[in-house]
Amino acid sequence: MKLFLLDAYALIYRSYYAFIKSPRVNSKGQNTSAVFGFVNTLEELLKKEDPTHIAVAFDPPGGTFRHDAYEHYKAQRQETPEDIKAAVPIIKEIIDAYNIKMIEIPRYEADDVIGTIAKKAEKENFDVYMMTPDKDYGQLTSDHIFMYKPKFAGSGFDVLDANAVMEKYELSSPTQMIDLLGLMGDASDNIPGCPGVGPKTAQKLLEEYGTIENLLERTSEIKGTLKTRLEDNKEQIIFSKFLATIEVNVPVEFNKEEYKRKEVNAEKLSEIFEELEFRTLINRVLKKDGVSAAPVRITTTHEAIQGDLFAELLPPVNASSSSVDVNDYSGLQTLKDIPHSYHLVKENDEIDALVEKIIKQKSCCFDTETTGIDATISELVGMSFAFEEGEAYYVYVPADREKAQSIVEKFRPFFENENILKIGQNLKYDIIVLKKYGINVRGNLFDTMIAHYLINPELRHNMDYMAETFLKYRTIHIDELIGAKGKNQGNMRDLRPEQICDYACEDADITLKLKGILEKVIEKQDLGKLLYDIELPLIYVLADMEYTGVRLDTTALADYSKILTQELQNKESEIYQLAGLEFNINSAKQVGEVLFDNLKIVDKPKKTKTGQYVTSEEALEKMKDSHPIVSKILEYRGVKKLLSTYVDSLPLLVSSLDNKLHTSYNQTVTATGRLSSSNPNLQNIPIRDEQGRGIRKAFIADEGCIFFSADYSQIELRIMAHLSQDPNMLEAFNSGEDIHAATAAKIYKLPISEVTSDMRRKAKTANFGIIYGISVFGLAERLTIPRGEAKELIDGYFETYPQVKEYMDKSIATARGHTYVETVFGRKRFLPDINSRNATVRGYAERNAINAPIQGSAADIIKVAMNRIFKRFTDENIKSKMILQVHDELNFNVIESEFTQVQKIVIEEMENAYKLAVPLKADCGKGKNWLEAH
């Protein structure tokens, strides 16, 4: 029999902080990170281990017997984050719905409850698994009691028996864990221990003396400072051991029938998951198809737009009328539950009649069904249209290219009519697909995906999610038609038109309904200018860029691959020579063993929660000066990454249709408003070292064309100057000074002519670091300077630019008042944790409050520039093309005869995209390839 005992709060905290940088927030503005993480961990446990018995232990409210004995016990811990406080009652409801026993004993911690039950269950022939990441539990392990430590999300668990605990902590018995903690203390619980005694010293003392009591009786055998510390802190050490001892005589009974695994209460669990919007968990845990009879309370996409506004906007799901039934909280409905009129259109006369209807409309929603997800190579299978809610049309497009073209051609009067509003979900995809059929979609657009993204960028923006959230409606899912993702998944071409009709019509119909809701929220949130003037016009720009693509010199990359492979082998040999043995350099575990066990390059190497040495790039960067092998390993990793991520991978992404690379630009991924790219991700191509520059060299202009590059100079610092209105920073930019040299001159109180390159480097790091909320510690590490010097640098910076500090403080204050900050164009970044009492959680939100308006404004400005350049190219009949966007940089394939005109347009539009208090400046260059141009 297997009994699992879960330490609730340890798992809840772990779950919450796993999502701290990218929290899960549902449409109600509710942070569900802790609940989602806890349930996932529980589910993984139940499926992997299938326990016969299980229970969850909670710490009780108020203090425990340890607090009575020591008022400072755990006193250093920060206030529990509000989102965790809100999550605990929900988690308890979920545990209850799972029919799992919960235990909470006044005055005793979960550790004590688990320890007591574990010992009692062991006597009844149970194998007991204590599920927790806390090392304290090691003292309880035995032949039948184990620690069951969850690894990082989705990566399983570590099981530690008594022998594993002894080996891991170098102990002769598990109970020595108490003595170990008593000597070295435990910062997480504020157990003092003996000052100056760390893990290694404590382990050596216990190896020789066995217990704290024996050690303290024989301190006469110890010499020097250690003896003094032990004798001076005798009572504190004994008291620390008391605090570290898990009580195993808590007044709690173990009735094994109460702990037996039971069937879940599916109805109750479904109701909770629906309320939390855990759709995938409903399918996975309850094996449902996603349709639930449980009531679902529908709210808005964020707390900031909750309440009466949404009640005004939400249409009933069973009618096409725009009237509102705010009391209708029935479960998710499907197509069979609502009135609808969907039509399959195949014959020419039917197509002609449909076109005649569409071109009379002021607006129409459309969608394409294709053979795949890559718009640049996929073929049309069909098109759907909707201009009245509840009614839609699916037009079948055959595989024969000539017949397909003739059908698409009939719809040209609609697609290219500038007076008809085109509505859709992810319209960029459809526009690119239609370009392959000679159709250039024109007119104003309304994209529901982008509208929803602006309302709350942190959420998902797919149509299925929005339909469930706003319409209480479950759409037909694609995998119901062509199968789940994987090698056996089919495509739409495999199906008969009759099989696709409802799915395709529903897409257009639901998107049309969502548009009616979202446009009102956009108006209420004052996001109209951002949506209609910037984001929606950008769809055309990005579609054209993706469709055009960029040439890649695959031969040059193949040659470069050989050079880097040889370099990799050379570095491998150098590393083996420095290590004195051969090992797998790609294994983090083996690298850690070589560096810290064999070479002992540092005294106290950092370990992960699983006991493995930390050998991340960040960790190794800090140890570069400890041993020459560290730099070599970092260099090896850098070359390896270049090879696998770019040099060897980029040629595989070149299209066989036109021999070009077609990256995909994403408008709805980053919370800041920046574009991201995928297949490949161009935003992360390295440029600072020689090896990275070799990759840019492979991006080349078309035959007879010039590669032209223009990027904003220090745009984020210029935006900081504008937002802060700091006179010194404004003066530096307006006078055309080198901002980093000017900063250094003011910090070091020197004439700018006497600023050294090292001073400028430090000032540059401070300039950009301040924007991202860099700390004294962080600046010291980045510049490899003492913390005192880093503090002087930051103090000098704020003395030089006092209004920058005022701006930062004001941004945080504004965020606290509104729970969001805005860019110069009104883009919102929601920061619900800005008022958290937990310093870690609040600090992350505060850094975003400072940075988001700056980074987001930079993103908005380059989008404005892209729109204007694209329009100028169209209006002036320019054939040259914008082909790449990377952060603050735009790249073009320019016909030689158009170069002067293109350069003029690009610089004009980039530098006049927005009127700041300082000039926007764009640097530019040209060449045969990206490297030469940049």
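**Exercise 1. Phenylalanine 415**

Work out whether phenylalanine 415 is buried or exposed in this predicted model.

*Solution.* Start with the relative accessibility of phenylalanine 415, which comes to 0%. The cut-off for buried is under 20%. Phenylalanine 415 therefore counts as buried.

Next, look at phenylalanine 414: both phenylalanine 414 and phenylalanine 415 are buried. The ring centres of these two sit 5.0 Å apart, and their planes make an angle of 50 degrees, so this pair is tilted.

**Exercise 2. A ring pair across the sequence**

Find out how the rings of phenylalanine 385 and phenylalanine 415 are arranged, and which parts their pair ties together.

*Solution.* For background, the structure holds 31 aromatic pairs. Here's the geometry of this one: the centres are 6.2 Å apart and the planes stand at 45 degrees. Planes under 30 degrees apart would be stacked and those over 60 edge-to-face, with the rest tilted, so phenylalanine 385 and phenylalanine 415 form a tilted pair.

Now place the two residues. Phenylalanine 385 belongs to strand E9 (residues 380-388), while phenylalanine 415 is in helix H17 (residues 412-415), so the pair ties together parts 30 residues apart in sequence. Phenylalanine 385 has a relative accessible area of 0%, so it is buried.

Finally, step back to the wider group: ring pairs join Phe366, Phe385, Phe411, Phe414 and Phe415 into a cluster.

**Exercise 3. Leucine 180 and its contacts**

Say where leucine 180 is placed, and which residues it touches once neighbours within four places in sequence are left aside.

*Solution.* Leucine 180 is found in helix H7 (residues 176-184). Its relative accessibility is 1%, so leucine 180 is buried. With those sequence neighbours set aside, leucine 180 is in contact with Tyr169, Leu171, Gly185, Pro199, Ala202, Gln203 and Leu206. Take leucine 206 from that list: it is 26 residues away from leucine 180 along the chain, with 7.5 Å between their C-alpha atoms.

**Exercise 4. Two helices that pack**

Describe how H32 and H33 pack: what is the angle, and which residues meet?

*Solution.* Helix H32 (residues 757-771) packs against helix H33 (residues 776-783) at about 140 degrees, and their axes are 11 Å apart. Roughly antiparallel would need an angle over 145 degrees, so H32 and H33 are oblique to each other. Their crossing is right-handed.

As for the residues, H32 brings Arg761, Lys762, Thr765, Ala766 and Gly769, and H33 brings Leu779, Arg782 and Leu783. Sort the residues of this contact and you get three nonpolar, two polar and three charged.

Definitions and conventions
Residues numbered from 1 in each chain as written. Predicted model: local features only at pLDDT ≥ 70, side-chain atom pairs only at ≥ 80, totals over all residues. Heavy atoms only, no water. Axes fitted to C-alpha atoms, helices over the stretch in contact; angles between N-to-C directions. Helix = DSSP H or I, 4+ residues; strand = E, 2+ residues; numbered from the N terminus. Parallel < 35°, antiparallel > 145°, perpendicular 65-115°, else oblique. Left-handed = near helix turned anticlockwise from the far one by under 90°. Contact = heavy atoms within 4.5 Å. Nonpolar A, V, L, I, M, F, W, Y, C, P; charged D, E, K, R; others polar. Phe/Tyr/Trp six-rings, centres within 6.5 Å; stacked < 30°, edge-to-face > 60°. Buried < 20%, exposed > 50% of the residue type's maximum accessible area, 1.4 Å probe, protein only.
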